[in-house]
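Visitor: I would like a close look at one part of this model, the small sheet, and then at what surrounds the DNA. Please take it strand by strand.

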There are 2 protein chains.
Amino acid sequence: MYGTGQQIAFASGSEPCASFGARADSVCAAINDEDLARLSRIAVASNVAAGQTFIHEGDPAADFFNITGGTARLFKQLPDGRRQITGFAGLGDFLGLSHHGTYTLGAEAIDAVRLCRFPRGSLRAVLDDFPSMERALFRHADDELAAAQDQMLLLGRKTALERLASFLVARSAAPHPCARRLARIALPMTRGDIADYLGLTIETVSRTFTRLKLDGMIDLPSPQEVVILRPAKLEAMAGGL
Amino acid sequence: MYGTGQQIAFASGSEPCASFGARADSVCAAINDEDLARLSRIAVASNVAAGQTFIHEGDPAADFFNITGGTARLFKQLPDGRRQITGFAGLGDFLGLSHHGTYTLGAEAIDAVRLCRFPRGSLRAVLDDFPSMERALFRHADDELAAAQDQMLLLGRKTALERLASFLVARSAAPHPCARRLARIALPMTRGDIADYLGLTIETVSRTFTRLKLDGMIDLPSPQEVVILRPAKLEAMAGGL
DNA sequence: CGTTATCTTGACGTACATCAAATGTCGTGG
DNA sequence: CCACGACATTTGATGTACGTCAAGATAACG
């Protein structure tokens with residue numbers, strides 16, 4: 001199934017936060033119609049079923065990806081199976097951009113994921129012709145680096161309560177940088193995913209959720225839905241960052 | 001004291017790993033003499049005494065820096081003082097490159113640090129004129145992102161023993177990517193720095209050092225010097241990554 | 001509507017933190 | 001050169017936040 005332009009996940013208009021995707025602005029704002037047309041010629045759209053691994057850590061990095069629907073978990077694993085989720089990728093996110101020869105992270109679909117796949121060789125040529133796009137990707141990598149540093153602080157120095165509060169606050173800011181903060185958050189990932197993201201166990205995540213609920217900070221209409229009742233207090237619990 | 005070219009920390013030759021610096025190749029290989037001359041005109045060289053903070057987290061990011069001597073700790077802090085060191089910067093490293101308006105990390109000199117300071121505004125102009133340099137910086141950010149992801153796995157999922165082993169293995173690989181792995185490692189940072197880097201306490205770091213010594217993995221001629229006696233076993237202890 | 005995975009809750013264990021003190025190291029001045 | 005003081009490191013005794021093990025409760029799904 002080859003991309004026809006319809007399937008390409010780059011916003012062609014100039015609206016800053018179109019329905020297209022959360023981070024459309026950060027990477028795609030700099031892309032003009034000329035670049036877009038060229039990209040559409042080398043893209044392949046595909047679907048990944050929930051639970052499927054579509055990037056294997058350590059494999060030769062042949063392609064890079066742009067998520068156009070659904071949510072994926074990105075992770076590293078130790079030989080004995082211990083897993084660290086480094087982030088969740090959604091609408092508009094880019095994967096496999098590293099210049100290293102192999103993928104530094106694995107990626108699995110949490111729900112049904114739609115994505116566009118680009119051969120990395122072709123990307124290099126496009127980037128050389130359109131420096132503005134490379135600059136935009138640079139900014140994107142920079143944002144991820146800043147997020148990774150925040151997460152290091154969380155993993156190295158925060159308590160379980162602070163970690164979960166930080167997670168919920170960050171989720172309520174997402175997915176739209178330009179939208180109002182959300183009170184109701186959808187959690188497509190499992191408790192196990194959240195645990196592996198926050199460096200905790202499933203049990204501790206669950207206990208901490210109920211503690212936040214008992215304290216009146218949040219409500220849990222269902223395990224995958226959180227309503228933030230006291231945003232300011234929750235943010236304070238997150239540890240001031 | 002204004003840069004004269006002598007003080008500028010960019011390698012002008014093309015030798016891949018000159019005495020100039022560890023990561024010279026990753027950022028500076030792509031810089032030609034023309035760029036170099038222009039950079040030297042906007043740089044200011046300065047010295048920072050041990051213990052001095054020269055970048056304050058959250059301050060407006062006016063300049064960026066290139067380390068030309070000594071070692072600095074890069075860190076984030078919580079309001080109550082808990083600290084997470086996100087990395088150590090040495091010869092050739094770049095700081096303050098984020099496109100965000102404020103510094104996302106603080107930086108303190110561990111020993112006497114020499115550095116070149118560049119106004120960020122001037123950098124933008126240089127980068128626009130010399131895309132090869134921007135590409136090199138992109139690769140640099142990418143390397144840091146991969147390192148940050150490794151560190152997330154360490155902080156989220158490794159034991160104290162695995163953390164310290166990982167740290168020593170990584171240090172033995174540095175500072176020269178192209179040199180033989182070092183058996184004798186210098187540790188300019190304190191136990192407290194190592195603790196804040198590995199998400200542990202001073203006491204646990206110290207105990208783990210002595211345990212590695214008793215197990216015959218390392219020798220400690222002095223607290224700031226480590227000799228790796230069993231590199232292969234130590235690497236295995238690091239947890240296969 | 002049963003089957004199965006996920007989530008929650010409880011009882012208990014442990015790796016690492018905390019508190020406290022001894023030892024070692026280094027710069028400074030006598 | 002040596003004595004002193006400040007600070008870093010090591011070592012010991014004890015505490016605790018979170019992990020592990022083990023059931024239930026709830027939700028998802030054919």
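Guide: What follows goes through the sheet in each chain, then the relation between the chains, then the surface near the DNA.

This is a predicted model. In chain A, 3 strands form an open, antiparallel sheet in the order S9-S11-S10. Strand S9 (184-186) and strand S10 (218-222) of chain A are at the edges; each has a single partner strand, so one side of each is left without a neighbour in the sheet. From one strand to the next, the twist averages 25°. S9(A) is joined to strand S11 (residues 225-228) of chain A by 3 bridges, and the two run antiparallel. Within S11(A), Glu225(A) is the residue that stands opposite Ala186(A).

Chain B can be read in the same order of topics. Strand S9 (residues 184-186) of chain B pairs with S11(B) over 3 bridges in the antiparallel sense, and Ala186(B) has Glu225(B) as its bridge partner in S11(B). On strand S10 (residues 218-222) of chain B, 3 bridges lead to S11(B), and these strands also run antiparallel. Here Ser222(B) stands opposite Glu225(B). Glu225(B) therefore faces Ala186(B) in one strand and Ser222(B) in another, which follows from the two pairings. The link from S10(B) to S11(B) is a hairpin through 2 residues.

The two faces of S11(B) can also be told apart. In a regular strand the side chains alternate between the two faces of the sheet. In strand S11 (residues 225-228) of chain B, Val226(B) and Ile228(B) make up the covered face, while Glu225(B) and Val227(B) lie on the uncovered one.

Now the relation between the chains. Chain A superposes on chain B by a rotation of 180° with 0.0 Å of shift along its axis, at an RMSD of 0.0 Å. That is the relation of a two-fold axis. The same surface serves both copies, as 100% of the contact residues of chain A recur in chain B.

Last comes the DNA. There are 18 residues around DNA strand C, and those that come nearest are Arg191(A), Ser206(A), Thr210(A), Thr159(B) and Thr204(B). Helix H6 (191-198) and helix H7 (202-214) of chain A, together with helix H7 (202-214) of chain B, each supply at least two residues of this surface. H7(A) gives the most, with 6 residues. By class, the surface near DNA strand C has 8 polar, 6 nonpolar and 4 charged residues.

Key
Residues are numbered from 1 along each chain as its sequence is written. Chains are lettered from A and ligands numbered from 1 in the order in which they are written. This is a predicted model: local features need pLDDT of at least 70, side-chain atom pairs count only at pLDDT 80 or more; totals for chains, interfaces and linings use all residues. A residue is near a molecule or strand if its C-beta atom, placed from the backbone, lies within 6 Å of it. Helices (H or I, at least four residues) and strands (E, at least two) are DSSP runs, numbered from the N terminus. Ala, Val, Leu, Ile, Met, Phe, Trp, Tyr, Cys and Pro count as nonpolar, Asp, Glu, Lys and Arg as charged, and the others, Gly among them, as polar. Two strands pair if DSSP finds at least two bridges between them. Axes are lines fitted to C-alpha atoms, for helices over the stretch in contact, and angles run from 0 to 180 degrees between N-to-C directions. A residue is buried if 20 or more other C-beta atoms lie within 10 Å of its own, exposed if 12 or fewer, and partly exposed in between; C-beta atoms are placed from the backbone. Copies are superposed by least squares on the C-alpha atoms of residues with pLDDT of at least 70 in both. Two residues are in contact if their C-beta atoms, placed from the backbone, lie within 7 Å.
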